[in-house]
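Let's walk through this fold piece by piece. Have the sequence and the viewer open side by side, and follow along as we go.

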Amino acid sequence: MAAKTLLSLLALAAAVVFYARQTPGVRTLDVVLHPNATSIVSDVRYVARALVDAWAGVEAEALNVTQLPGGTTNILFRVTRSQSAAPPEHVLVRVYGVGSELLADRPSEFERIENLDKAGLGAKLYGSFRNGYVYEFKAGNALAPPDLGTGKYTARIAEQLGRWHRADLPGPKAPVMFRFLHNWLDLVPERYEDESKDARFSQLNMTNIRAQVHALEGILNVTASPLAYCHNDLNAYNVIHDETTGSITLVDYECGGWNPRAFDLANHFCEYAGLDLDFTLFPSREQQYEFFRPYLLTVDGESPSELRLEALFNET
């Protein structure tokens with residue numbers, strides 16, 4: 001329950017300012033894309049041709065640009081080449097939402113993408129521009145929150161998350177969730193200039209919320225849940241299902257990092273509630289066990305006993 005309470009606190013942060021900085025080792029264009037500009041299609045084509053080596057000789061008009069639905073903090077475009085050329089056939093261009101860098105460490109995000117790609121868990125990064133990047137397209141369609149409760153995708157999502165949690169990726173093996181949370185809470189102003197917004201905000205007791213965060217930090221810092229490399233934002237829209245192959249891919253790595261694995265599991269189960277936060281949809285014990293069985297088989301290499309399932313249930 002502590003993990004579930006923490007997840008509700010994470011939703012309090014608001015982002016209001018944009019900045020960008022270049023990252024060593026990542027090819028970067030000094031270009032800013034404006035999604036609402038009339039030139040956005042040609043701008044997306046430009047960064048794709050500039051950063052995807054195989055497309056350097058492809059005519060700009062031969063690249064079809066489609067804005068994809070979904071995405072809560074970013075805007076996503078799929079670029080498809082329509083003329084014969086070396087692979088890839090598609091790439092994705094992600095444009096950051098204004099202020100979203102306050103919720104995610106953008107330079108570290110590039111490093112995460114590269115490390116996950118090397119581990120066979122992520123997508124290839126072609127390069128970046130000042131407010132986004134170009135990366136590999138993974139075939140399939142994003143799930144929706146109601147899909148999580150059907151059980152149809154449970155085993156494959158669990159297997160993929162298990163692969164993440166057993167991966168030994170580079171970087172400091174220290175929990176990131178409270179560092180993120182404290183940073184986000186520091187963004188909350190004492191008051192808002194907009195009177196209606198300030199009236200809504202004043203109903204929150206930020207002193208009490210910060211006290212809860214500190215209390216949870218003390219509890220969870222001594223948890224027996226082992227550290228694992230976590231996705232940290234495994235909502236339905238970040239799960240891509242390829243109907244042709246049946247494969248599942250986890251996408252959007254901006255929140256990735258080391259955490260107690262119970263946080264990642266609890267976060268995913270909370271996502272069953274959807275954006276409307278209908279926690280009557282939170283998975284039952286048996287539904288969680290259906291997730292834990294393939295998850296533990298992937299992590300441990302053997303089918304879990306009932307005692308092992310109960311232990312992970314209590315841990316989460």
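A good place to start is the pairing of E3 with strand E4 (residues 90-96), which is antiparallel and runs over seven bridges. If you want one pair to click on, Val-79 sits opposite Val-91 of E4. Keep in mind throughout that what you're looking at is a predicted model.

Stay with strand E3 for a moment. It spans residues 74-81 and is mostly covered, with six of its eight residues buried. E3 is also joined to strand E2 (residues 63-68), this time by six bridges, and again the two run antiparallel. Here the pair to look for is Leu-63, which stands opposite Arg-81 in E3.

Now go back to E4 and look for another partner. Five bridges link E4 with strand E6 (residues 132-136), in an antiparallel arrangement. Val-93 has Val-134 in E6 as its bridge partner.

So what is the order of the strands in the open sheet of six? Reading across, the order is E1-E5-E6-E4-E3-E2, and the pairing is mixed. Strand E1 (28-29) and E2 are at the edges; each has a single partner strand, so one side of each is left without a neighbour in the sheet. Rotate the model and you'll find helix H2 (residues 40-51) lying across E1, E2, E3, E4, strand E5 (125-129) and E6. H2 runs at about 115° to E2.

There's another sheet to look at. Three strands form an open sheet in the order E7-E9-E10, with antiparallel pairing. The edges belong to strand E7 (141-142) and strand E10 (248-250): each has a single partner strand, so one side of each lacks a neighbour in the sheet. E7 pairs with strand E9 (residues 239-241) in the antiparallel sense over two bridges, and Asn-141 has His-241 in E9 as its bridge partner. This sheet has a helix across it too: H5 (residues 154-166) lies across E9 and E10, at about 45° to E10.

Just before H5 there's a loop worth a stop. Thr-150 is found in the loop between helix H4 (145-148) and H5. Is Thr-150 buried or exposed? With 51% relative accessibility, Thr-150 counts as exposed, because the cut-off for that label is over 50%. Thr-150 also gives you a long-range pair to check: Thr-150 and Gln-287 are 137 residues apart in sequence, yet their C-alpha atoms are 9.7 Å apart in space.

Gln-287 brings us along the chain to the helices there. How do helix H10 (residues 285-300) and helix H11 (residues 306-315) pack? Their axes are 10 Å apart and meet at an angle of about 110°, so H10 and H11 are roughly perpendicular to each other. By class, the contact of H10 with H11 has seven nonpolar, one polar and six charged residues. On the H10 side the residues in contact include Tyr-289, Phe-292 and Leu-296, while those on the H11 side include Leu-309, Leu-312 and Phe-313. The charged residues in this contact include Arg-285, Arg-293 and Asp-300 from H10, and Glu-306, Arg-308 and Glu-310 from H11.

Helix H9 (residues 261-270) is next. In H9, 10 of the 10 residues are buried, so it is largely enclosed by the rest of the structure. The buried residues include Arg-261, Asp-264 and His-268, alongside Phe-263, Leu-265 and Phe-269. Cys-270 is among them, and its relative accessible area is 10%. Cys-255 is buried as well, with a relative accessible area of 13%. As for sulfur links, the structure holds zero disulfides.

One more residue to inspect is Asp-198, which lies in helix H7 (residues 195-201). Asp-198 counts as buried because its relative accessible area of 17% falls under the 20% cut-off. Leaving aside neighbours within four places in sequence, Asp-198 is in contact with Arg-191 and Tyr-192.

Finally, zoom out to the whole chain. It has 11 helices and 11 strands, and 47% of its 316 residues count as buried. Among contacts with a separation of 6 or more, 67% come from residues 24 or more positions apart.

Definitions and conventions. Residues numbered from 1 in each chain as written. Predicted model: local features only at pLDDT ≥ 70, side-chain atom pairs only at ≥ 80, totals over all residues. Heavy atoms only, no water. Disulfide = S-S within 2.5 Å. Buried < 20%, exposed > 50% of the residue type's maximum accessible area, 1.4 Å probe, protein only. Pairing = 2+ DSSP bridges. Helix = DSSP H or I, 4+ residues; strand = E, 2+ residues; numbered from the N terminus. Contact = heavy atoms within 4.5 Å. Axes fitted to C-alpha atoms, helices over the stretch in contact; angles between N-to-C directions. Parallel < 35°, antiparallel > 145°, perpendicular 65-115°, else oblique.
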